[in-house]
Amino acid sequence: MTLPVLEPGRLFARLRRDCALEWDAYVRHPFLTGLADGTLPAEAFRTYLVQDYLYLLQYARCYALAIYKDGQAASMRSTARLLAGLLDTELGLHIEYCAQWGLSEDDLAREPESLELLAYTRTILDYGQSGDILDLMVSLSACLIGYAEIGLRLLADPATRREGNPYLHWIEVYGGEHYVALANQGARRLDELAISHGADARYAMLKRCFRTTVLLETAFWTPRPLRT
Ligand SMILES: Cc1ncc(CO)c(N)n1
């Protein structure tokens, strides 16, 4: 699998190139080096997993908002399918995966949202609510496409440890065919929206919004649970 989304002339490729320093800090974060060589402390991964479960709930709200902001039957239908897949399948898979790490569904539901999660997801929802469907999809692109880029790179990297690496499954999910296809589909939609909603004329604003989401996604690798 590849990510043609990185080809020049595509909106995502332009945003990524214009925020290259921030992007590299996100996709080459030490958390990911630890996943790739298997040295990440399990506790750091568990903390991340719980927050990622809570994140997926907010992510589902973002896609619900995307349907509301859209208005084109064909893309509303495909976003509705994506949302149903997220709620019916992916959330369940995440719960099963967390169980393998000793985290019960109660553990997941009980944990408060971290500052990183709150800042990230509510910022995306705010860009989406105060902007239009293009603002929202640009805000969602760092997470949708970034994870595919990370998964593909780590899978292809000979330095990634395969034997006995407890994090290999995570890497295989995001570098896998299913997830990479979703990322490519999202990028194609972004290119359609770039034309229909005039991305060139408002590029500076889109870039600012993209850069903020990349910085927030970077902070999300190491969420600090919010406790009294
Ligand atoms: C924070 C975050 N970003 C992106 C993804 C990919 O769906 C995820 N699971 N979590």
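Helices and strands are taken here as DSSP runs, with at least four residues for a helix and at least two for a strand. On that basis, the predicted model has eleven helices and zero strands. From the N terminus on, the order of elements is α-α-α-α-α-α-α-α-α-α-α. The radius of gyration is 17 Å, close to the 17 Å that the globule rule gives for 228 residues, so the chain is as compact as a globular protein of that length. The C-alpha trace spans about 50 × 40 × 30 Å along its principal axes.

A UniProt annotation, from an unreviewed entry, assigns residues 21-222 to "domain: Thiaminase-2/PQQC". In the model, this span is 80% helix and 0% strand. The C-alpha atoms at its two ends lie 19 Å apart.

Contacts and burial were examined next. Among contacts in the chain with a separation of 6 or more, 81% join residues 24 or more positions apart. Buried residues account for 34% of the 228 residues. In soluble globular proteins, nonpolar side chains tend to be buried together. Here, the largest nonpolar core holds 53 residues. Those that touch the most other members are L15, L35, M137, V138, L140, L190 and F210. Helix 8 supplies the largest share of this core, with 15 residues. The contacts of V138 illustrate the packing. Leaving aside residues up to four places away in sequence, V138 touches L15, L190, L206, C209 and F210. Of these partners, L15, L190 and F210 are also listed with V138 among the core residues that touch the most other members.

The ligand is surrounded by D52, Y55, C143, Y147 and F220. Two elements each give two or more residues to this shell: helix 4 (42-70) and helix 8 (133-156). Helix 8 is thus named both for this shell and for the largest share of the core. By class, the shell has four nonpolar residues, one charged residue and no polar ones.

I195 offers a view of the surface. This residue belongs to helix 10, which covers residues 177-196. A residue counts as exposed if 12 or fewer other C-beta atoms lie within 10 Å of its own. I195 has 11 such neighbours within 10 Å, so it is exposed. I195 and L11 are 184 residues apart in sequence, yet their C-alpha atoms are 9.7 Å apart in space.

Definitions and conventions. Residues numbered from 1 in each chain as written. Predicted model: local features only at pLDDT ≥ 70, side-chain atom pairs only at ≥ 80, totals over all residues. Near = placed C-beta within 6 Å. Nonpolar A, V, L, I, M, F, W, Y, C, P; charged D, E, K, R; others polar. UniProt positions renumbered as here; feature names shortened; annotations may be inferred. Rg over C-alpha atoms; globule rule 2.2 N^0.38 Å. Buried ≥ 20, exposed ≤ 12 C-beta atoms within 10 Å, placed from the backbone. Contact = placed C-beta atoms within 7 Å. Core = buried A, V, L, I, M, F, W, Y, C linked by C-beta atoms within 7 Å.
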